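Morning, everyone. I have one structure to walk through today. Please look at the screen.

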Amino acid sequence: MIGKLKGVVDEIGDDHLILDVHGVGYLVFAPVRVLQGLPGRGEAAVLHIETLVREDLIRLYGFSSASEKAWFQLLMTVQGVGAKVALAALGVMKASELANAVALGDTAQIARAPGIGKRVAERIVTELKSKAPAFASVDAGTIAASQQASAAVPTAVGDAVSALVNLGYQQAQASAAVAAAVKSAGEGAEAATLIRLGLKELAR
């Protein structure tokens, strides 16, 4: 079983690369973000590898970090999520951003990935939310507040998060700020109040 490869980038495609390790070219599939972050052809690269063995094929999947690889493995445990969909999710979000989105119940962020509709995004959140806090960069109290708030006033919370994102903040930052605002203002707070408090939180 291959866990990591260190070699020279020989070729980069739309969804894969060939990594030359001592004269052996390994075909490695990877998220778009990983491929875009690779050094140029002929330069050294290190990838964390997940090896999938099926009856008719053996495929290598490469990631820039151990946490990215761990999230690929977690996503693959969700019903209806295969390697292609898992790669798509990690292609538009960093591992930490995905962890935050799952922990905060932000299905809209997850559904941005190609091939992930609202239903699959909801399934990912439902099945992985108990595991996400271990990888998330927001604290447990914020996660709990956000989950409660999303259930109680989804429209106000969603509108507030969307407004902050439109102002240029990252989705994870906006979600965390609005979660803190809900904690401060209460679950019945209107979107305008959450936006104002969220901006104060982000200005700290």
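I'll take the strands, then the helices, then the core and the aromatic rings.

One caution before we begin. This is a predicted model.

Start with the sheet. Here 5 strands close into a barrel. Going round, the order is 1-2-3-5-4, and the pairing is mixed. From one strand to the next, the twist averages 55 degrees.

Look at one pair in detail. Strand 2 covers residues 16-21, and strand 3 covers residues 24-29. The two run antiparallel, joined by 6 bridges. One residue to find here is Asp20, whose bridge partner in strand 3 is Gly25.

Now the helices on the sheet. Helix 2 packs there, touching strand 4 (44-53) and strand 5. Its direction makes about 20 degrees with that of strand 4. Helix 3 lies across strand 3, strand 4 and strand 5. Relative to strand 5, helix 3 runs at about 10 degrees.

Next, the core. The largest nonpolar core has 31 residues. Which of them touch the most other members? They are Trp71, Phe72, Leu75, Ile110, Ile116 and Ile124. Several elements give two or more residues to this core: strand 5 (58-63), helix 2 (66-75), helix 3 (83-92), helix 4 (95-103) and helix 6 (118-128). Which helix gives the most? Helix 3 does, with 7 residues.

Stay with Phe72. Is it buried or exposed? Its relative accessibility is 1%, so Phe72 counts as buried. What does Phe72 contact, leaving aside neighbours within four places in sequence? The list is Glu50, Leu52, Tyr61, Phe63, Ala83, Ala86, Leu87 and Leu90.

That brings us to the rings. The count is 3 aromatic pairs. One of them is Phe63 with Phe72, with ring centres 4.9 Å apart. Why is that pair called tilted? The planes sit at 45 degrees, and tilted covers whatever is neither under 30 degrees nor over 60. Phe63 is at 0% relative accessibility, so Phe63 counts as buried too.

Phe63 and Phe72 belong to one aromatic cluster, together with Phe29 and Tyr61. There is also a charge to point out in this cluster's surroundings: Arg59 lies over the face of Phe29, at 4.2 Å from the ring centre.

To recap: a barrel of 5 strands, helix 2 packed on the sheet, and Phe72 both in the core and in the aromatic cluster. Thanks, that's my part.

Conventions. Residues numbered from 1 in each chain as written. Predicted model: local features only at pLDDT ≥ 70, side-chain atom pairs only at ≥ 80, totals over all residues. Heavy atoms only, no water. Phe/Tyr/Trp six-rings, centres within 6.5 Å; stacked < 30°, edge-to-face > 60°. Buried < 20%, exposed > 50% of the residue type's maximum accessible area, 1.4 Å probe, protein only. Lys NZ or Arg CZ within 6 Å of the ring centre and 35° of its normal. Core = buried A, V, L, I, M, F, W, Y, C linked by side-chain atoms within 4.5 Å. Helix = DSSP H or I, 4+ residues; strand = E, 2+ residues; numbered from the N terminus. Contact = heavy atoms within 4.5 Å. Pairing = 2+ DSSP bridges. Axes fitted to C-alpha atoms, helices over the stretch in contact; angles between N-to-C directions.
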